[in-house]
Amino acid sequence: MTERHETATTCAYCGTGCGLIIETENDQIVRVRGDKSAPVNKGQTCIKGALGYHYIHSEDRLTVPLIKKAGEFTEASWEEALSFIADKLTGIKQQFGPDAFSMFACARTTNEANFATQKFTRAVMGSNNIDGCNRT
Amino acid sequence: MTKAADQHLQIAVGSDIALMNGMIKIIIENGWYDERFLTRSAINFNDLKAQTAEYPLEKVAKITGLEEKDIFAAAETFAKADRAMIAYTLGITEHHCGVNNVFDIANLSLLTGHIGREGTGIMPLRGQNNVQGAGDMGCLPNMLTGAVPVSDDAYRNKIESLWNVTLNPNPGRTQTSVLEQMESGAMKSLYVIGENPLVADVHKNHTTELFKNLDFLVVQDLFLTETAEIADVVLPAKGWAESDGTYTNTDRRIQRVRPAVPAPGKALDDWEILCRLSTKMGYPMHYADAGAIWEEVRMIADHLYGGISHARLDNQGSIQYPCPHEDHPGTTLLHTEFHDSRGKTAPFTPVTYTAPVELPDSEYPLTLTTGRRYEPYNTNTQTRYYPDTVKRKQTEETADIHPLTAEELGIEDGEYVSVASRRGEVTVKARLTEEVQTDLVFMSFHWREVPTNVLTIDEFDPISGTAEYKACAIRIDKLRQ
């Protein structure tokens, strides 16, 4: 019999921040339910929180870095993709200065990822051109 | 919401300030404001009184389209309630006068003393799970980690010595301003994480041209979105249920998110990609895990998060910041100092009503207002994967039109029609409903098959840079056979 695991987490859709329990089998999500002990939602969910998780296992997910060459995306290793970006961004910074770069940060990802995003923008690119989708 | 409401004020789009100024005038004239609170805590009352004197009930009824008695009743109910709060979302901010709309909400709350006590206050309901946290972490052009301005020398110097770099003390550019720089050619490169601005932003055809102006575009996402398709490099990121860390919800609650399944292929956590890139560019950034990053956040912004560790969150659940030390319980209620011996004061900011920038005329006689629907989420890159077994109200975009307006146009429910503005045109199914007012049409931007933002107008609030998604002039025509 397959073993079912439960993981307590927080919903990634809206700003309400409902507590959710993810039920998994064989590394696949099989069910998401509201967490009754969560202070925000006390077990309730909307349709997105409970049933909007199928994208996670979609065949359409990006799985490798892609570099556009002659108008077509080609698969690349992390080493190749990050070296390419590092060269391009360093060149643009040297030629046009730090303010020719801008970062659109993500309001869906974690605090920790957002901290790293702004640290990269400020400490490495030397720019305060960083903003999120908070204006749309 | 309206079904659960005691009173539904269905105002004309963009007339919020007229309504609120009218309510303020009624409250002042009838003496329903909190005199003691006002004397102690509010500044600039005479200016507010003078400004709102220009909004007599008759005029407000005309601008908003409401009955005079309903406006009066709303003012009385709100002012006389023991506890009242104002909750709002993008309906307030997505206007050319969005910041002024928010100022008037603050005016109304301050006048009635409905702030700083349990059950009162102003509640902006935030749209994304971590839009609050992203800003608090410093993903804003004018704010460092911990919501402290970049211009604060002492705070910036503290981070500089920790990071061993010199930081720019001047605010950077907002997304809106970056788009302008892309138009002039001054902005050469853009790095986009988990966002699809090509579909989400106003005046889509124009936005697409601007993106093609860039020398170098990087997109880091879960899917090959419309924006990713035109990028030079696309990087695969881990998603929810795959990454570890915390989110901050709309009421400042820090909550844990935990991995439940492995990510597909070679996808990495957003922070890991940025750390590797930094290191490659000569600035080593190494963290063992998300918890190690959070420890650096706590060190910098100890005034907010000093007492919040991942371990404490794992033990006791969520904590609301500010929570400066381990023994602090967290803060459920802000602005209590309005009411106690600390004697906080705040100024009124009187504002003027201004009509939407593009009003209907003979050529484009209807008003389009845009927003979200229940089941899909933003540009639908994730919610398009609901399995067919999930029953939904709506699986394609519609133009929601009042039956009387539809009758004048000779349009039937379910018929495909052309919706056009001065900027573009889409074909969409008509849905007849009394949820909207006559001559007002509602659409969302969820389905890529109907890119509603080709219609919307590129007019922005001068302070926030938020676009006027809520009002533009359109026409609707039957499709030619």
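## Close-up views of a predicted model

**View 1. Strands β6(B) and β7(B) pair side by side.** Strand β7 of chain B covers residues 216–221, and β6(B) pairs with it in the parallel sense over 5 bridges. One pair to look for is V192(B), whose bridge partner in β7(B) is V219(B). Please keep in mind, here and in every view below, that this is a predicted model.

**View 2. A strand of chain A joins β6(B).** Strand β6 of chain A, made of residues 101–104, runs parallel to β6(B), and 4 bridges join the two. To find your way between the chains, start at F101(A), which stands opposite S189(B) in β6(B).

**View 3. Inside the structure with strand β6(B).** Why is strand β6 of chain B said to be largely enclosed by the rest of the structure? Its residues run from 189 to 193, and 5 of the 5 are buried, so the strand is largely enclosed. A residue counts as buried when its relative accessible area is under 20%. Now follow the directions along the strand: S189(B), Y191(B) and I193(B) point one way, while L190(B) and V192(B) point the other way. Whichever way they point, all of these residues are buried.

**View 4. An open sheet in chain B.** Here 3 strands line up in the order β9-β10-β11, with antiparallel pairing. Which strands sit at the edges? They are β9 (245–248) and β11 (319–320) of chain B, each of which pairs on one side only. Strand β10 of chain B, residues 253–257, is joined to β11(B) by 2 bridges, and the two run antiparallel. Look for R253(B), which stands opposite Q320(B) in β11(B).

**View 5. A nonpolar patch on the surface.** M85(B), M123(B) and L125(B) together make a nonpolar surface patch of about 240 Å². One of these residues, M123(B), belongs to strand β3 of chain B, which covers residues 121–124. Is M123(B) buried or partly exposed? With a relative accessible area of 31%, M123(B) is partly exposed.

**View 6. Negative charges gather on the surface.** Four residues come together in a surface patch of negative charge: E180(B), E183(B), D458(B) and E459(B). Among them, E183(B) lies in helix α10 of chain B, which spans residues 175–184. The relative accessibility of E183(B) is 45%, so this residue counts as partly exposed. Residues in this class fall between buried, under 20%, and exposed, over 50%.

Technical notes:
Residues numbered from 1 in each chain as written. Chains lettered and ligands numbered in written order. Predicted model: local features only at pLDDT ≥ 70, side-chain atom pairs only at ≥ 80, totals over all residues. Heavy atoms only, no water. Patch = residues over 30% accessible without salt bridge, like charges linked within 9 Å, V, L, I, M, F, W, Y side chains within 5 Å. Areas by Shrake-Rupley, 256 points an atom, 1.4 Å probe, with all protein chains shown as cover. Salt bridge = Lys/Arg side-chain N within 4 Å of Asp/Glu carboxyl O. Lys, Arg positive; Asp, Glu negative; His and termini not counted. Charge placed at Lys NZ, Arg CZ, Asp CG, Glu CD. Buried < 20%, exposed > 50% of the residue type's maximum accessible area, 1.4 Å probe, protein only. Pairing = 2+ DSSP bridges.
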